[in-house]
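Reader: I would like a close look at one part of this model, the open sheet and the way its strands pair, with enough of the surrounding chain to place it. Please take it slowly and keep to what the coordinates support.

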Amino acid sequence: MEEDARAEYRVRQTKLLRRSLLMKTGACLAAWTVLFAVWLLAVDALIVPRVADFVSAQCPWVRVAPQDAAAESESWYADALREAECDTIVSYVEALTDGRLAREAASDDARALVDACARRGFAYESPADSDDAPPDDREGGAYLKEPSTEEIVRDAADSMRPDRFLTLFEEACAALGTPPETVPVISPWQYDTERGQREVYYADGHKEYWDLRLYDFLRALRIPLASLLYVVGAWVAVWLASGWFASRFERLFAALAGLASDDAPAPELPEEFGPTQRALEEARRSRADAQRAALAAEQRKNELVAYLAHDIRTPLTSVVGYLTLLAEAPDMPEEQRVRYAQVALDRAYRLEGMMEEFFEITRYNLGSIPIERHRFDAALLCEQVADEFYPAAAARSIEIDVRVPGALECFADGEKVSRVLNNLLKNAVAYADAGTAVAVRARIERAETRPHAVERRGPCESDGAPPRAVEDAGSATWLVIEVENRGREISPEHLQAVFEKFYREDPSRAAGKGGAGLGLAIAREIARAHGGDLDARSEAGRTVFTLCVPA
């Protein structure tokens, strides 16, 4: 039963600790995850762009010579170069038209383009429903459109020889102050919408590119660094949860250390250790009860030693005194000599009994009582034990009435059962009222459980131990012996204490009654060693001791 209770306690405590640890760890991890997500969003929105701009600003532009750039190998380069050259010539023509540049210094081709732009007229375009056509310019199925400078230049370039076009381009570059090596040739797919141009070809054939390896390297580290930071934070969260858990165990260890101190206050553990606190409180109570029981037993033992020392000295003094008289008076009358010798012998017997009690204490403390079963007649055993007490009973006019139905064959340790019955009869005769009867009843009962079974602590168990039910040792046949006397009623408190070791119900220690207080304790131990028990009840001056052992 105790093992089941301890196992249930361990299961409850383990589940409670596991649930608490998981809840605390989960709460810490959830809090860190939310905090990390908010922090990451803030960093990505506020800090990362600034850091990216700073890092990219540190990245250099690298120039590649025309022979290494190999612009002519690019399929798109020729068309893009044509577009860049046209754009430069358009800017040159517009500057000549606006008067920003002197017309006289221009070449014939350049002045021809300027004149063409001055003579520009309207051309018919279709379809007429085009949204680009002004409503007033519509005529039938077409609309009028004035050509732009760019369109005039492009039309002229298409009809111009390549060498003349190249010469015009070089003239435009010189006039505008933009050498060919500064005119970019850009293809649409060379433009990065996030970071701007990363690679640019120029009209002279060389190339410049933005060396963003450092930027790309740092950008590639974003996810690993964020993951590492999250893992570190999660580890800190778990560490905090384990620290909280460790603080609970520190309080537990302090409570366990307090169990060894009588002055320490009762342990107060966190709610997660509810089952443990109840177990510690129970252990504390059990320890206190055991200490009180040990102190009481030690006190009774000390009292016993004092009692026996006092009682031994009295008969020893008498023996020495009477033997001295006999030795010093050789001519003492025979009748007086016999009387003195008898008194000395009686005191010697009394001294022998007390010494026997000392040996009984030693045997009792050595260990459990061995049981050696054999078959015997319990009825005959009761008669024999009763015969031993007839002289003592007759001296107080007490009758010993043995009531047995006949032969009672049983299988038990006859010597130990005789010892129990001897102790019961000794107490019954000693404490019975003079002129009354002591009844001894024996019988064999068949039952599934021990007759008169009760829950009670054994004499060898501590006061803090829980009550237990004595088992029937697998037998359904029981030997039941009852010893009854009439005398002073025993109170319920004393009735439970008479089976404790070193307990003496008679504090006056009257002659013949004051033993070591081990008789009933050993008697019950013998009964329980058989798998039975020894009980007592007392009502209205009628006291009955009942011995039950498997038969």
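Author: Among the contacts in the chain that span a separation of 6 or more, 71% are made by residues 24 or more positions apart. This is a predicted model, and what follows should be read as a description of that prediction. The chain has 551 residues, of which 38% count as buried, and the surface that it exposes comes to about 32200 Å², with carbon and sulfur atoms supplying 57% of that area. Its secondary structure comprises 14 helices and 16 strands.

The part you ask about is an open sheet of four strands, arranged in the order β1-β9-β8-β5, with antiparallel pairing. Because β1 (61–64) and β5 stand at the edges and each has a single partner strand, one side of each is left without a neighbour in the sheet.

Starting from the β5 edge, residues 184–185 make up this strand, and they pair over two bridges, in the antiparallel sense, with strand β8, which covers residues 199–202. The residues that face each other can be named: P184 has Y202 of β8 as its bridge partner, while V185 stands opposite Y201 in that strand.

From β8 one passes to strand β9, residues 207–210, which runs antiparallel to β8 and is joined to it by three bridges. Here Y201 appears again, since K207 in β9 is the residue that stands opposite Y201. Y201 thus lies across from V185 in the pairing with β5 and across from K207 in the pairing with β9. The hairpin formed by β8 and β9 has four residues between the strands, and in this hairpin G205 takes a positive phi near 100°. As a general point for reading such strands, side chains in a regular strand alternate between the two faces of the sheet.

For a view of how helices pack elsewhere in the chain, consider helix α4 (residues 108–118) and helix α6 (residues 162–176), whose axes are 9 Å apart and which pack at an angle of about 85°. With that angle, α4 is roughly perpendicular to α6. On the α4 side the contact is made by D109, A110 and L113, and on the α6 side by R164, L168 and E171. By residue class, this contact between α4 and α6 divides into three nonpolar and three charged residues, with no polar ones.

Technical notes: Residues numbered from 1 in each chain as written. Predicted model: local features only at pLDDT ≥ 70, side-chain atom pairs only at ≥ 80, totals over all residues. Heavy atoms only, no water. Pairing = 2+ DSSP bridges. Axes fitted to C-alpha atoms, helices over the stretch in contact; angles between N-to-C directions. Parallel < 35°, antiparallel > 145°, perpendicular 65-115°, else oblique. Contact = heavy atoms within 4.5 Å. Nonpolar A, V, L, I, M, F, W, Y, C, P; charged D, E, K, R; others polar. Buried < 20%, exposed > 50% of the residue type's maximum accessible area, 1.4 Å probe, protein only. Areas by Shrake-Rupley, 256 points an atom, 1.4 Å probe, with all protein chains shown as cover.
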